[in-house]
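Q: Could you take me on a close tour of one part of this protein? I would like to look at the annotated active site and what lies around it.

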Amino acid sequence: MAFFRGLTAVSRLRSRMANEATTLGGVRWLQMQSASDLDLRSQLQELIPEQQDRLKKLKSEHGKVQLGNINVDMVLGGMRGMIGMLWETSLLDPEEGIRFRGLSIPECQKVLPTAVEGGEPLPEGLLWLLLTGKVPTKEQVNSLSKELLARSSVPAHVYKAIDALPVTAHPMTQFTTGVMALQVESEFQKAYDKGLSKAKFWEPTYEDVLNLIARLPPVASYVYRRIFKDGKSIEADNALDYAANFSHMLGFDDPKMLELMRLYITIHTDHEGGNVSAHTGHLVGSALSDPYLSFAAALNGLAGPLHGLANQEVLLWIKSVIEETGSGVTTDQLKDYVWKTLKSGKVVPGFGHGVLRKTDPRYSCQREFALKHLPEDPLFQLVSKLYEVVPPILTELGKVKNPWPNVDAHSGVLLNHFGLSEARYYTVLFGVSRSMGIGSQLIWDRALGLPLERPKSVTMEWLENYCKNKAA
Ligand code: NMX
Ligand code: MLT
């Protein structure tokens, strides 16, 4: 009975999405099945002319409409709140969190195909959604899983490039080196060198992006096993989906870990365009650098502690709490540790955000996963305690705009529970997932012919003179 009630709710959501097709930008959300429907590239081929016309119309009819006012604080404050980029695949609401092509995380969990009945979404489904704006069928997702598997072979020189680094090099350095080594196979670069017309730029970009996404799990798992295990790679299992296969190649086959990996890869894919990694990927891509060059640049941004590296920092911080206080840490001890961190001039990792002003829904869905699968895990219980302790302290500081936890506050304890305890590796997992969002948008950047990104910068003297003249 509950199952049928669940099905009714899903079909209500699907039909709501179908009805909302025009309000969500005119992209068709659902479709009937035909042979070419299983081929993602053919789907894009159909969508691109529509979206090109839509952009042309937007430019010609509304090009001069003003979008907010830029003030000096925004220029000096990291461009917060400044609208300055087109990013089609997702949109972030400060209160609600991320929507992938209009769908929130709970909605994606309801409508995207899963590997397990009632389980977590398959990231291939989210990739399809990001690229096309359509919720794929299970057949489409299976077909994409197979396509990614078929594209996943990694040339030997990539592993040699990684092996040239000391094994002590940070996993992100080794991973990005692998991505740069993959670049020698760029279809975009080859086609551009042969004089490909601008109208066709999206086609080799599509090939590069799908190849890149497909090849990241073997490269990333190679890095993991080189640094933390015996150095022996584990063969892909062709029967598995993208995330499960990645987990398998890392060395983790517990069915719950496979589900965690599906959830993990799904929720980290995209967070609109202004975050450091996405913005970097888009900026570098705007110079017509190919997707490998663009994504390697994005990864270097992700490797910063205020961005993706925060997931590493969170687990290390949690472990340092336990080291100092023992495992039965009390609320008062936790408060003292948070204050000690702040007083030493550090941030509390995993809390705060540049845009969000509420608890990150990516945190909430990981919390739900933990409540379902590992409620007794002591580190999960510590993370739950931090949820009570940290926000009032950050609020008391008086300057923190968002005291609530972000995605990184939770991910480490889940991975740690299933044996992936090496915190220094966590940002690589984030990177594998982010390739789907940045890559999808890069394809649309080329399909829509978006221009070189080149904002204006000014000096302090320029600002002082401008403000003086304005006041006069
Ligand atoms: N702990 C201590 N201080 C903080 C925190 C925090 N978690 N969050 C913000 N602040 C401080 C911030 O450093 C700034 O101080 P100051 O004026 O002295 O420079 C002040 O509060 C105002 O910052 P906000 O405007 O609230 O935040 P901003 O947009 O500048 O930065 C983050 C956003 C995410 C960089 C910041 O909240 C932070 O450093 N958080 C901890 C690191 C983290 O979890 N990063 C991961 C973000 C998600 N991701 O995956 O990328
Ligand atoms: C992200 O997922 O990119 C982070 O939450 C940072 C951001 O959105 O600025």
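A: Happy to! Let's start with a small piece of strand pairing: D93 has G97 as its bridge partner in β2. Please keep in mind that this is a predicted model. The two strands involved, β1 and β2 (residues 97–100), pair in the antiparallel sense over 4 bridges. They belong to an open antiparallel sheet of 3 strands, ordered β1-β2-β3. Its edge strands, β1 (90–93) and β3 (103–104), each pair on one side only.

Now to the site itself. In an unreviewed UniProt entry, the annotation "active site" covers H307, H353 and D408. These residues span 102 residues in sequence, but no two of their C-alpha atoms are more than 10.8 Å apart, so they gather at one spot.

Take H353 next, which links back to the sheet: among its contacts beyond the neighbours within four places in sequence is L92, and β1 covers 90–93. Its other such contacts are H271, R362, N402 and N406. H353 sits in the loop between α16 (331–343) and α17 (361–373). A polar atom of the H353 side chain lies 2.9 Å from the backbone nitrogen of V355. With a relative accessibility of 25%, H353 counts as partly exposed.

H307 is also found in a loop, the one between α14 (291–302) and α15 (310–325). Its relative accessible area is 14%, so H307 is buried. Leaving out residues up to four places away in sequence, H307 touches N275, V276, S277, G301, L302, D408 and R434. One of these, D408, shares the "active site" annotation with H307.

Definitions and conventions
Residues are numbered from 1 along each chain as its sequence is written. Chains are lettered from A and ligands numbered from 1 in the order in which they are written. This is a predicted model: local features need pLDDT of at least 70, side-chain atom pairs count only at pLDDT 80 or more; totals for chains, interfaces and linings use all residues. Side-chain values use heavy atoms; hydrogens and water are left out. UniProt positions are given in the numbering used here, feature names are shortened, and annotations may be inferred rather than shown by experiment. Buried means under 20% relative accessible area, exposed over 50%, partly exposed in between (1.4 Å probe, protein chains only). Contact means heavy atoms within 4.5 Å. A polar contact is a pair of N or O atoms within 3.5 Å; within protein, one must be able to donate a hydrogen and the other to accept it, and residues adjacent in sequence count only if both atoms are side-chain atoms. Two strands pair if DSSP finds at least two bridges between them.
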